[in-house]
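Trainee: Could you take a close look at the disulfides in this one for me? I'd like to know where they sit and what surrounds them.

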Amino acid sequence: MMTPLNMWCLLPLAVLLLSITPTETKVVNEISECEGFLLNETPPQVTGILESDKIQDQNRYKIICQTFDNKTRFLTLYDTNNKIPVFSAYKYRGAEGKRPDTPWKIELQLEDTNGDENMTESTKDVYQHQASNNDYKNQDVYDRGHLFPSSYGFFKSDKVSTFTLTNVVPQVKSFNGGSWSRMEQELKNTMDDLCYNNNDKLEAYVVTGAQPSQSNKLKNRVNVPSMLWTAFCCYSDNIKKWIAEAYLRDNVADKTKDERIDAKTLQELYDKLNKTLVVFPGSKCPLNEKVSDICISRQPKSWFRQVLSFPSRAVTWLYCTVRGWVG
């Protein structure tokens, strides 16, 4: 039987064991340590970078559980050589509110493994393993182009968390503020209308990435990607099936003020990237079907969204009606 004296003697040992228990860190070694942001908790497969759920070069590529205010918000696979993300992955749950006014941040643990797990404001001119805010200053060609868009954040704190330099790439200004921005809104509308699961909860999985260029660099430090891409997948209880879609475009200036980016199938995205990418491996996400290929009722949940989405729903109705006539 344990006596009070014996229990007292064991207290210092217990305190010691608690003090050496590893704490959660933000830069991790396994994708599985960042739960909640990938469909079926299965990461994309990127040839030569992330294969069979394993990082091929852990000195170069780092998994970041993007943490703000002690809460993990999304997942990023980061290339410390090119100083841009390979991709950011996140679960879309709906989003309202304005773009926050917040300083740009960096990931301390990319510089010091013992650093704070929370993203912190970028204050130095140069960082060894990541871009700094200074890298984007004093030039008028490129924006800090979000991969996980601020507009997709559920809470204001989620929106704030997207303003980390490990979640952005040098993106041509007119492209970022033009056709890419319109695509993000179009995709958001699609998810808002269709991505309600069996529990009537809005839920979609989105992965956005960048294809690095061979030699184009901003300030001779940060790789300027040649292409950006994004893909989403969700189960739609509305039509009782999985739906998916992708968008991609070269990182060049828009040619017109109303330029648009056409939706692609997942397979078209994979083919364009020479089959080096599989975004949703082992899933039920359709490879050869876009949302626009399906005749569906895009009836939003709220009356406000019904009003906003009326034009797109009218076009869908007309398309499906004509397609029915011609067989």
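Mentor: Here is a walk through the disulfides, followed by the sheet around them and a couple of loop residues.

Keep in mind that this is a predicted model. The chain has 327 residues, and 50% of them count as buried. Its secondary structure comes to 7 helices and 17 strands. The disulfide count is 3, and each of those links is a covalent bond between the sulfur atoms of two cysteines.

Start with Cys34 and Cys65, whose sulfur atoms are 1.8 Å apart. The torsion about that S-S bond is -90°, which makes the link left-handed. Cys34 sits in the loop between strand 1 (27-28) and strand 2 (45-46), while Cys65 belongs to strand 5 (residues 61-68); the two cysteines are 31 residues apart, so this pair links distant parts of the chain. Are these cysteines buried or exposed? Cys34 is buried because its relative accessible area is 1%, under the 20% cut-off. Cys65 also counts as buried, at 1% relative accessibility.

Strand 5 has another tie to that region: 2 bridges join it to strand 1, and the two strands run antiparallel. Within that pairing, Val27 stands opposite Ile64 of strand 5.

Next come Cys195 and Cys234, with 2.1 Å between their sulfur atoms. This link is left-handed too, at -75° about the S-S bond. Cys195 is in the loop between helix 4 (179-194) and strand 12 (204-211), and Cys234 is in strand 15 (residues 227-236), so the disulfide ties together parts that are 39 residues apart in sequence. Both Cys195 and Cys234 are buried.

The remaining pair is Cys233 and Cys285, at a sulfur-sulfur distance of 2.0 Å. The disulfide is left-handed because the torsion about its S-S bond is about -105°. Cys233 is in strand 15, and Cys285 is in the loop between strand 17 (277-278) and helix 6 (303-308); that is 52 residues apart, again a link between distant parts of the chain. Cys233 and Cys285 are both buried. Strand 15 therefore holds a cysteine from each of two disulfides, Cys234 and Cys233.

Now for the sheet behind all this. It is an open, antiparallel sheet of 7 strands, in the order 1-5-6-7-12-15-16. Strand 1 and strand 16 (241-250) are the edges, each pairing on one side only. Strand 5, home of Cys65, comes right after strand 1 in that order, and strand 15 sits between strand 12 and strand 16. Helix 4 lies across strand 7 (84-92), strand 12, strand 15 and strand 16, and runs at about 10° to strand 15.

For the chain as a whole, take contacts between residues at least 6 apart in sequence: 64% of these join residues at least 24 apart. The exposed surface is about 16,900 Å², with carbon and sulfur atoms supplying 52% of it.

Away from the cysteines, you may want to check two backbone torsions. Asp53, in the loop between strand 3 (50-51) and strand 4 (54-55), has a phi near 65°, a positive value in a residue other than glycine. With a relative accessible area of 37%, Asp53 is partly exposed. Asn220 has a positive phi as well, near 60°, and lies in the loop between strand 13 (217-218) and strand 14 (222-223). Asn220 is exposed, at 67% relative accessible area.

Conventions
Residues are numbered from 1 along each chain as its sequence is written. This is a predicted model: local features need pLDDT of at least 70, side-chain atom pairs count only at pLDDT 80 or more; totals for chains, interfaces and linings use all residues. Side-chain values use heavy atoms; hydrogens and water are left out. A disulfide is a pair of cysteine sulfur atoms within 2.5 Å. Helices (H or I, at least four residues) and strands (E, at least two) are DSSP runs, numbered from the N terminus. Buried means under 20% relative accessible area, exposed over 50%, partly exposed in between (1.4 Å probe, protein chains only). Two strands pair if DSSP finds at least two bridges between them. Contact means heavy atoms within 4.5 Å. Axes are lines fitted to C-alpha atoms, for helices over the stretch in contact, and angles run from 0 to 180 degrees between N-to-C directions. Accessible areas come from the Shrake-Rupley method with a 1.4 Å probe; for residues, only the protein chains shown count as cover.
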